[in-house]
2 protein chains.
Amino acid sequence: MAQKGQGSQGRDAPFQEPSDAVTDTWVRLIRAGREIAGGIEAELKEAGFPPLAWYDVLLHLKKQDEGRSSPKAIEEAALFEQYNLSRLLDRMEAEGLVRRIPYPGDKRRQLIEITGEGRALQKRMWGFYGPAINRSIGDRLSEKEAVQLAALLLKLVGQKNDPCS
Amino acid sequence: MAQKGQGSQGRDAPFQEPSDAVTDTWVRLIRAGREIAGGIEAELKEAGFPPLAWYDVLLHLKKQDEGRSSPKAIEEAALFEQYNLSRLLDRMEAEGLVRRIPYPGDKRRQLIEITGEGRALQKRMWGFYGPAINRSIGDRLSEKEAVQLAALLLKLVGQKNDPCS
DNA sequence: TGAATATCTATGCATCTGCATGGAGTTCTT
DNA sequence: AAGAACTCCATGCAGATGCATAGATATTCA
């Protein structure tokens, strides 16, 4: 019995029960993300393309000056774990999509450079990816709703969560 | 990696470029989901709890009549892959959180029943999970915004009402 | 300066996931 | 009713991920 749902009084309760709207938002956020991303991944794979993570790396690099960036920067841009990215770059390098080159002035670091092949793949992937995004999102929202949704989502993202109360 | 034939290289295809709002929505949807889920997972783990997927299963079961459901139903409710859930249930059963029992009238199937221990764990997890959701979402949105966001997200998600999470 | 500390990337190992497949049971077809 | 076709769950194997830690610099500070 009993749903909470009563407003959020800012008292220091021992347990702050999320409101229904907050819970719904959470559930749908996760679900929508999984469903849409899963569907798009499946489409890309079926078309013979690598996973979306590869695209993220390629796009990030392509946008950088000279198509170069460091692993550290890629991690932060695309929310990768360090060890994970390290091995992803191994695979991408093995496919000739990126190239590791020394980082001038710091031998710990390295620069990752996108190759011509990498650029070409990014472009081909976008040919599938873009329309897929449109089908999943563009077709389900009016432009006005999309703007509104993007704005609301922006509030959830970004600022580090540092509850040093 | 092998690519499927029909590239859209070079020549103009009927390509529907997503609008900026759609692209922003996509990027932020994925990012917000990953950031928030990742943060919450980390908090739970730090508190010694199992991953969120376990919670999803426990909550789903708890809501069913008698705390019972079939793997197939759980898959659909929580977007699990079949083989994945099969092994997750192995682990949960080994921890004494659920129990496999025969499905009356169909020997292919089975019923998964939540144990007392499983119910207790779900409850303890909610004590962390609920506040974590509140910090990630409730604190960043007004109640009105949350309602609005939940409504917009609903448009992106398959039209079935989700009982889980 | 030299040692402690911090930063950046790689890797061994255990676990988890994805994929293909298998086995058991059920439904459909003829 | 026999066999094909389908559904549900499990599992072997390869590959990916998470975690802890190593290795190689860089930086800080006593």
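In this predicted model, the buried residues of helix 4 of chain B are Leu85(B), Leu88(B), Leu89(B) and Met92(B). They sit on the same side of the helix, because they cover an arc of only 105 degrees around the axis, the arc being that of the directions from the helix axis to the C-beta atoms. Buried here means that 20 or more other C-beta atoms lie within 10 Å of a residue's own, exposed means 12 or fewer, and partly exposed is in between, with C-beta atoms placed from the backbone. Helices (H or I, at least four residues) and strands (E, at least two) are DSSP runs numbered from the N terminus. Residues are numbered from 1 along each chain as its sequence is written, while chains are lettered from A and ligands numbered from 1 in the order in which they are written. As for confidence, local features need pLDDT of at least 70 and side-chain atom pairs count only at pLDDT 80 or more, whereas totals for chains, interfaces and linings use all residues.

The buried residues of helix 4 of chain B pack against helix 2 (52–63), helix 3 (71–78), strand 2 (98–102) and strand 3 (110–114) of chain B. Over on the other side of the helix, Tyr83(B), Ser86(B), Arg87(B), Asp90(B), Arg91(B) and Ala94(B) are exposed. After the helix comes Gly96(B), with a positive phi near 75 degrees.

Two of those exposed residues, Tyr83(B) and Ser86(B), turn up again at the DNA. Around DNA strand D there are 20 residues, and the closest are Lys107(A), Pro71(B), Lys72(B), Tyr83(B) and Ser86(B); a residue counts as near if its C-beta atom, placed from the backbone, lies within 6 Å of the strand. Helix 4 of chain A, along with helix 3 and helix 4 of chain B, gives two or more residues to this surface, and helix 4 of chain B gives the most, with five.

DNA strand C also has 20 residues around it, with Lys72(A), Tyr83(A), Ser86(A), Tyr83(B) and Lys107(B) coming nearest. Here the largest share, five residues, comes from helix 4 of chain A. The surface near strand C divides into five nonpolar, five polar and 10 charged residues, counting Ala, Val, Leu, Ile, Met, Phe, Trp, Tyr, Cys and Pro as nonpolar, Asp, Glu, Lys and Arg as charged, and the others, Gly among them, as polar.

As for the two protein chains, a turn of 180 degrees and a shift of 0.1 Å along the axis lay chain A on chain B with an RMSD of 0.1 Å. That is the relation of a two-fold axis.

Technical notes. Contact = placed C-beta atoms within 7 Å. Least-squares fit on C-alpha atoms with pLDDT ≥ 70 in both.
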